Amino acid sequence: MSFLKNVDPEIFSVINDETNRQETTIDLIASENYASKAVMEATGSTLTNKYAEGYPGKRYYGGCEFVDKAEELARERCKKLFGAEHVNVQPHAGSPANMAVYYIACNLGDTIMGMSLAEGGHLTHGHKVNFSGKLYSSVQYTVNKETELLDYDQIRKLAHEYKPKLIIAGASAYSRAIDFKKFSEIAKEVNAYLMTDIAHIAGLVATGLHESPVPYADFVTSTTHKTLRGPRGGLIMCKKEFAEKVDKAIMPGLQGGPFMNSIAAKAVAFHEALQPAFKAYQKQVIANAQTMAKGLQELGYRIVTGGTDNHLFIVDLRSKSLNGQIAEKALDAVGISVSRSCVPFDTQAPWITSGIRIGTPAITTRGMKEVEMQHIVQFIDEAIMQRDNTQRVAMIKDAIAKLCKKFHIYG
Ligand code: PLP
């Protein structure tokens, strides 16, 4: 980054510091990952200079012959990866992808039904502080109080009672498999559209390690930067019959010029995801999450739903008379990043929470396996329990930095 160093030493220094932070700390944030160098090169390429409103072959600007190729490659690879009939790779992120679907499926004020944030859903699934809860009439389903699993009887009952125009299946903090087929049956019963948001589990879906919603849903949205390990961005998949509506909803409906550098980087990520090594990686992501959840359970931590089927799990810290805020801070102090998280039916404020969400996509990309998971479990427990012991905290931090030195973020 010699140019950046000369032109803007301040930002150069910020980037260096952040790279060093990533290199020397353990990232257990379930929505994060390390995009490959190839993805980063495409992101930082000359394609950032190009305006290309429209779609391949139908742009509002000249000089699009090469970016057209990039977008076609991204679309074709994504279709192949997920077996989708149509793909739009232009959404700048997951939230606008969701917004575009609501725009197509609903009129303002119509009823939508998604999972509540506190029980694992996303803000854009109808939360009252978000556009989805302000522009639409939002009904929220939760999980079963005893099992903490999605309660399809409750979802069916709510759907029949409120007759939503759109049902949203998908989550940001749910550690179990989602039955997309059942969701589609419920949606059909009440004549609702079904949108599945696979932002978190896209990598697992792409590799067949989680059931795909593509055959069942009218619309499938995703981010590209979580388990899928691509650049920051979003996408929408749909049946052919909705192709034109989806494309129009994104441009001119919601966005202007697509980020062609990001689209090229998405194409690279889809190519990487189509390789056999990607499936092995996703399998390890799940194995690592299961090893960590079990290890923490053995140390007396309660894991929401009792374990995990995917890349993440939620630790209920009430079993240790703690809250998410305290744990997040204690872990930060030793170089472990997690995100605090509500547990189902949490009585703590969302800013405090009773839990933390732990995910393994990033550490698995570094090459860590079961043995390292067991070390990390010990670090987590000690960092939380010994948080007031400054000497101990320094020792754990040192041990974590040493572990990180063996597993570089870029090979
Ligand atoms: N959908 C789900 C399920 C998510 O978890 C997220 C982000 O965490 C989003 C959508 C939104 O994605 P973005 O942050 O790219 O807008």
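**View 1. Polar contacts between domain 1 and domain 2.** In this predicted model, 17 residue pairs are in polar contact between domain 1 and domain 2, counting pairs with both residues at pLDDT 80 or more. Sort the domain 1 side that touches domain 2 by class and you get nine nonpolar, nine polar and five charged residues.

**View 2. Salt bridges across the interface.** Two salt bridges turn up between domain 1 and domain 2. Zoom in on E148 and R302: they form a salt bridge, with their closest N and O atoms 2.7 Å apart.

**View 3. The two domains and what they bury.** The domain assignment splits the protein chain into domain 1 (40-273) and domain 2 (279-405). Their C-alpha centres sit 28 Å apart, and the contact draws on 23 residues from domain 1 and 25 residues from domain 2. Together the two domains bury about 2,100 Å² between them, with carbon and sulfur atoms giving 57% of that area. On the domain 1 side, look for E148, S175 and R176: this trio supplies 29% of the area that domain 1 buries against domain 2, more than any other three residues.

**View 4. The ligand and its surroundings.** Here the ligand is surrounded by 13 residues, the closest being G94, S95, S172, D197 and K226. G94 works through its backbone, placing an N or O atom 2.9 Å from a ligand oxygen. From the side chain of K226, an N or O atom lies 3.0 Å from an oxygen atom of the ligand; for the side chain of H200, the corresponding distance is 3.5 Å. On its own the ligand has 390 Å² of accessible area, and the protein covers 83% of that.

Technical notes. Residues numbered from 1 in each chain as written. Predicted model: local features only at pLDDT ≥ 70, side-chain atom pairs only at ≥ 80, totals over all residues. Heavy atoms only, no water. Domains from an automatic or database assignment. Contact = heavy atoms within 4.5 Å. Buried area = accessible area lost by both parts, 1.4 Å probe. Salt bridge = Lys/Arg side-chain N within 4 Å of Asp/Glu carboxyl O. Polar contact = N/O pair within 3.5 Å; in protein donor to acceptor, adjacent residues only side chain to side chain. Nonpolar A, V, L, I, M, F, W, Y, C, P; charged D, E, K, R; others polar. Near = heavy atom within 4 Å. Areas by Shrake-Rupley, 256 points an atom, 1.4 Å probe, with all protein chains shown as cover.
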